[in-house]
Amino acid sequence: MNNFIYDIPVKVYFGENQLCHLGEELSKYGKRVLLTYGGGSIKKSGLYDAVLAEIQKAGLEVFELSGIDPNPRIDSVREGAQICKEKQIDVLLAVGGGSTLDATKWMAAGACVDFDAWDFFSKWAPVEKALPLITVLTLSATGSEMDSGGVISNPETKDKIGRVERPLLPKASFLDPTVTYSVSKYQTACGSADMLNHIMEVYFNMETDLYMLDCFMEGMMKTIIKYTPIAMAEPDNYEARANLMWTSSWAINGFVNGGKRQAWSCHPMEHELSAIYDITHGLGLAILTPRWLEYCLDETTVPKYVQYGVNVFGIDPALPDMEIAKKSIEMTADFLFNTLGLDDTFTKVGIKREDFPVMAKKACGDGVIAGFKPLRQADVEKIFEMCL
């Protein structure tokens with residue numbers, strides 16, 4: 001196994017009624033706060049008023065930027081960075097799901113440079129520092145509350161690009177499962193599909209690594225499979241929402257990576273789908289994941305499928321290996337499309353074959369996705385065809 005470094009210094013306030021600590025956390029970094037959020041659902045739920053009350057109680061000055069879209073746009077990042085510069089913002093407060101958190105991370109970085117924020121993605125400009133960021137999470141999905149990554153879309157270039165940089169780590173994150181009670185069945189399902197794939201991108205790997213990490217990932221996948229249907233049927237089930245929320249954070253905060261070096265496969269493919277079609281990220285991943293698993297299955301990779309099928313779905317280990325592997329893929333698809341009720345084909349969400357070549361080429365970057373099974377443009381196009 002490879003050596004590795006694990007260092008995620010994000011302070012987490014987990015549970016109900018933790019916002020009473022928000023003012024003290026913000027005050028550590030200054031007096032001027034930029035509050036960011038999306039379409040206004042936090043106002044309907046009462047969270048907006050609760051957040052403002054804590055900010056005002058701490059005697060801080062607040063500025064706002066709302067309207068951050070799903071698949072967050074570079075224009076929002078530019079606007080937020082400009083506000084930070086003009087208003088001399090000391091700390092940013094992102095209240096929302098992954099889109100709001102991702103966009104705000106890049107506002108924090110953009111506020112510290114004199115070039116256009118898209119240069120972080122188009123020219124891979126260095127991220128040397130960023131303004132401090134605090135987050136209040138409203139959707140269990142992306143894990144942005146406890147990682148240093150952020151994905152931004154540029155509608156003009158039809159690009160959707162993610163990047164991980166240490167200065168983007170939140171200083172503190174507030175995770176209250178009750179805040180997610182109002183999340184719809186559809187968004188709950190998409191969020192769980194997203195976090196499930198975060199785990200699978202790491203788990204499906206033939207490198208020798210720590211046994212305990214595989215056990216940890218299997219436990220998280222079983223948690224998602226157990227609690228997502230409960231959260232969808234009983235939106236205010238605290239146990240279900242809490243388990244999903246904490247799994248979201250740990251699925252992608254770097255812990256499960258261990259010493260693995262393998263690239264992710266489904267995420268670069270899906271980014272091209274939502275860059276052009278603006279579909280929900282978790283939905284795109286749900287459609288892709290079973291087909292990717294099917295495409296990567298062969299005599300060399302089958303042991304991982306057997307481990308997955310037996311330990312996550314409880315498939316009889318006495319069955320032939322290839323039968324277990326194929327059944328594990330079928331059970332994954334059944335969970336995503338039948339249990340969660342997500343669309344199961346590109347056709348149903350309007351993705352067209354004519355865009356496959358350009359999407360596949362961009363997904364492969366320098367020519368190959370060096371993932372569980374190396375994928376070139378032709379391979380990605382075949383996986384896309386399987387999704388029709």
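A salt bridge here is a side-chain nitrogen of Lys or Arg within 4 Å of a carboxyl oxygen of Asp or Glu. K11 and E25 fit that description, with their side chains meeting at 3.0 Å, N to O. Keep in mind that this is a predicted model. Across the structure there are 17 salt bridges and 24 aromatic pairs. Below is a quick tour of some of these contacts, plus two residues with an unusual backbone angle.

**Salt bridges**

- Start with K11 and E25, whose salt bridge links distant parts of the chain: K11 sits in strand β1 (residues 11-14) and E25 in helix α1 (residues 22-27), 14 residues apart.
- The two partners differ in how much surface they show: K11 is partly exposed at 39% relative accessibility, while E25 is buried at 1%.
- That pair belongs to something wider, as K11, E25 and K28 are linked in a network of salt bridges.
- K362 and D159 also form a salt bridge, at 2.6 Å from N to O.
- K362 is in helix α15 and D159 is in strand β7 (residues 159-164), so this contact ties together parts that are 203 residues apart in sequence.
- On accessibility, K362 comes out partly exposed at 33%, whereas D159 has 19% and counts as buried because the cut-off for that label is under 20%.
- R353 and E385 make another bridge, with 2.9 Å between N and O.
- Here the link runs from the loop between α14 (346-349) and α15, where R353 lies, to helix α16, which holds E385; the two are 32 residues apart.
- E385 is partly exposed, with a relative accessible area of 36%.

**Aromatic contacts**

- One of the 24 aromatic pairs is F204 with F372, an edge-to-face arrangement with 5.6 Å centre to centre and 70° between the planes.
- Both rings come from loops: F204 is in the one between α7 (185-203) and α8 (211-233), and F372 is in the one between α15 (356-363) and α16 (377-386), so the pair ties together parts that are 168 residues apart in sequence.
- F204 is buried, with a relative accessible area of 0%, and F372 counts as buried too, at 8%.
- If you want to see the wider setting, look for the cluster that ring pairs build from Y203, F204, W292, Y305, Y308, F313 and F372.

**Charges over rings**

- K304 lies over the face of Y203, 4.5 Å from the ring centre, and Y203 is itself one of the residues in the aromatic cluster.
- Elsewhere, R163 lies over the face of W124, at 4.4 Å from the ring centre.

**Backbone angles to look at**

- Most residues other than glycine have a negative phi.
- N17 has a positive phi, near 65°, and is not a glycine.
- N17 lies in the loop between β1 and α1, and at 63% relative accessibility N17 counts as exposed.
- Q88 is another residue other than glycine with a positive phi, this one near 50°.
- You'll find Q88 in the loop between α4 (74-86) and β4 (91-96), where Q88 counts as exposed at 59% relative accessibility.

Terms used. Residues are numbered from 1 along each chain as its sequence is written. This is a predicted model: local features need pLDDT of at least 70, side-chain atom pairs count only at pLDDT 80 or more; totals for chains, interfaces and linings use all residues. Side-chain values use heavy atoms; hydrogens and water are left out. Rings of Phe, Tyr and Trp (its six-membered ring) pair if their centres lie within 6.5 Å; planes under 30 degrees apart count as stacked, over 60 as edge-to-face and the rest as tilted. Helices (H or I, at least four residues) and strands (E, at least two) are DSSP runs, numbered from the N terminus. Buried means under 20% relative accessible area, exposed over 50%, partly exposed in between (1.4 Å probe, protein chains only). A charge sits over a ring if NZ of Lys or CZ of Arg is within 6 Å of the ring centre and within 35 degrees of the ring normal.
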